[in-house]
Protein chains: 2
Amino acid sequence: MAVPSPIPATPAASPLFLREHEVRRGVELLFFGYTRLTRSIDEGLAEHGLGRAHHRALYFIARQPDLTISDLLRILAITKQSLGRVLNDLSARNLVETRSGSADRRQKLLRLTEQGKAFEAQLFEALRTSLATAYAAAGQESVTGFWRVLEGLIPTEDRAMVAALQKDI
Amino acid sequence: MAVPSPIPATPAASPLFLREHEVRRGVELLFFGYTRLTRSIDEGLAEHGLGRAHHRALYFIARQPDLTISDLLRILAITKQSLGRVLNDLSARNLVETRSGSADRRQKLLRLTEQGKAFEAQLFEALRTSLATAYAAAGQESVTGFWRVLEGLIPTEDRAMVAALQKDI
DNA sequence: AAGATACGTCAATATGGCTGTCCCATCTCC
DNA sequence: GGAGATGGGACAGCCATATTGACGTATCTT
């Protein structure tokens, strides 16, 4: 594949990973990259009177239909009360629906409604555009490195959860 | 430097950058990586009764001493009122001090006090540990790719600001 | 002298987290 | 069958962090 010219301002990483400079560069790029990416969907959310917390729930339900509440709590790492409010908002807007589990009827299985799917897909388009542009500008090998470093930032005990999300789509 | 074996769960990026799978992988790793990294400093902040907003200000003042208020506003992209509260908290705890600009006396130049420097350095240690571990596990080339992709996520109009931060340390 | 700029501050509001407590339905295991 | 564990919901109250809009003061620019 044709790799577009890399952004010229990025020199290669030196082997001295512990040097403060390189750590600060990572901290800053993560901060700006993450915050700018999340801002790219705020407008779409505001049209429905929703915030980023709603998007996170929507996103992970889209990603893994029939997720249970406790699965989602583990993923988002927030309290039941905080998530409850968010899910109530999403149900009230007919974006999410629940069924009780077949094996364990105490569980609630979360799914997006057709409306929810359409809305999540619309928000995802903004993310896709941003990330695809960045991927294309950086090139294939950079994307692999991007993933590897981020995986290393996730504590060991959380990695299985992330891998589980990513194995089936 | 000895590079530990890369995390095995990361296959190489395929050339099809636009595939939904690859975009979702990036979104998720960014989410987990960013949130886990920021959580790593919460404990240190809580000891002083401060939050993440305070750390962000502290961080960028450490990074670029004699920053003005409006510089910091541009970097953080929050409102004057929000920043004002944060800076008042930091001043009250003797972590930040201001002088008025020599060329333009309307400006306030922000600096860390000795206490502020020590505290920022303490928080930075947690970031350094997390990032250095991830860098080492991923390897030098991955780190370069990590940076390149993140730079691509920053809107063009903000890139000069980020580059300016990183050029002098 | 007029206007723009840098900064501060007031009041009101929204969002998204938190803790603690209590409840109900259901499953598991003895 | 009964005890206890688990999945989920809900109450009340609190905190941190962001927002808008308006207004004030000092200082710089022209």
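This is a short chat about the pockets, DNA contacts and symmetry of a predicted model.

Me: Before we start, what kind of model is it, and which pLDDT cut-offs apply?
Reply: It's a predicted model, with local features needing pLDDT of at least 70, side-chain atom pairs counting only at pLDDT 80 or more, and totals for chains, interfaces and linings using all residues. Residues are numbered from 1 along each chain as its sequence is written, chains are lettered from A and ligands numbered from 1 in the order in which they are written, and side-chain values use heavy atoms, with hydrogens and water left out.

Me: OK, symmetry. What turn and shift lay chain A on chain B?
Reply: A turn of 180° with a shift of 0.0 Å along the axis, giving an RMSD of 0.0 Å. That is the relation of a two-fold axis. The fit is least squares on the C-alpha atoms of residues with pLDDT of at least 70 in both copies.

Me: Which residue of chain A comes closest to the rotation axis?
Reply: A:Phe146, whose C-alpha is 1.8 Å from the axis.

Me: And why say the copies meet through the same surface?
Reply: Because 100% of the interface residues of chain A are also interface residues in chain B. Contact here means heavy atoms within 4.5 Å.

Me: Switching to DNA. Which residues come nearest to strand D?
Reply: A:Gln81, A:Arg106, A:Lys108, B:Arg56 and B:Ser82, out of 23 residues around DNA strand D. A residue is near a strand if one of its heavy atoms lies within 4 Å of it.

Me: What do those strand D atoms belong to, sugar or phosphate, or bases?
Reply: Of the strand D atoms within 4 Å of the protein, 58% belong to sugar or phosphate, and the rest to bases.

Me: Any polar contacts worth listing, and what's the cut-off?
Reply: A polar contact is a pair of N or O atoms within 3.5 Å; within protein, one must be able to donate a hydrogen and the other to accept it, and residues adjacent in sequence count only if both atoms are side-chain atoms. On the base side, a polar side-chain atom of A:Gln81 sits 2.5 Å from a base nitrogen of DNA strand D. On the phosphate side, polar backbone atoms of A:Ser70 and B:Thr79 are 2.8 Å and 2.7 Å from a phosphate oxygen of that strand. The elements giving two or more residues to this surface are α4 (69-76) and α5 of chain A plus α3 and α5 of chain B.

Me: How are the helices assigned?
Reply: They're DSSP runs numbered from the N terminus: H or I with at least four residues for helices, E with at least two for strands.

Me: Which element gives the most near strand D?
Reply: α3(B), with four residues. By class, that surface has four nonpolar, 10 polar and nine charged residues. Ala, Val, Leu, Ile, Met, Phe, Trp, Tyr, Cys and Pro count as nonpolar, Asp, Glu, Lys and Arg as charged, and the others, Gly among them, as polar.

Me: What about strand C, which residues are closest there?
Reply: A:Arg56, A:Arg85, B:Gln81, B:Arg106 and B:Lys108, among 23 residues surrounding DNA strand C. A side-chain N or O of A:Arg85 is 2.5 Å from a base nitrogen. Polar side-chain atoms of B:Gln81 and B:Arg106 each lie 2.5 Å from a base oxygen of that strand. For strand C, the largest share, four residues, comes from α3(A).

Me: Now empty space. How big is the largest pocket?
Reply: About 830 Å³. On a 1 Å grid over the protein atoms alone, a pocket is an open set of points with protein on both sides within 12 Å along at least five of seven lines, while a cavity is a set where a 1.4 Å probe fits but cannot get out; lining residues have an atom within 4 Å of a point. Points are joined across faces, edges and corners, and a volume is the space filled by probe spheres set on them.

Me: What lines that pocket?
Reply: There are 35 residues, with A:Tyr34, A:Thr38, A:Arg52, A:Arg56 and B:Tyr34 nearest its centre. They split into 19 nonpolar, seven polar and nine charged, and α1(B) gives the most, eight residues.

Me: How many cavities of 30 Å³ or more?
Reply: One, with a volume of about 190 Å³. Of its 13 lining residues, A:Val27, B:Tyr34, B:Thr38, B:His55 and B:Arg56 lie nearest the centre.
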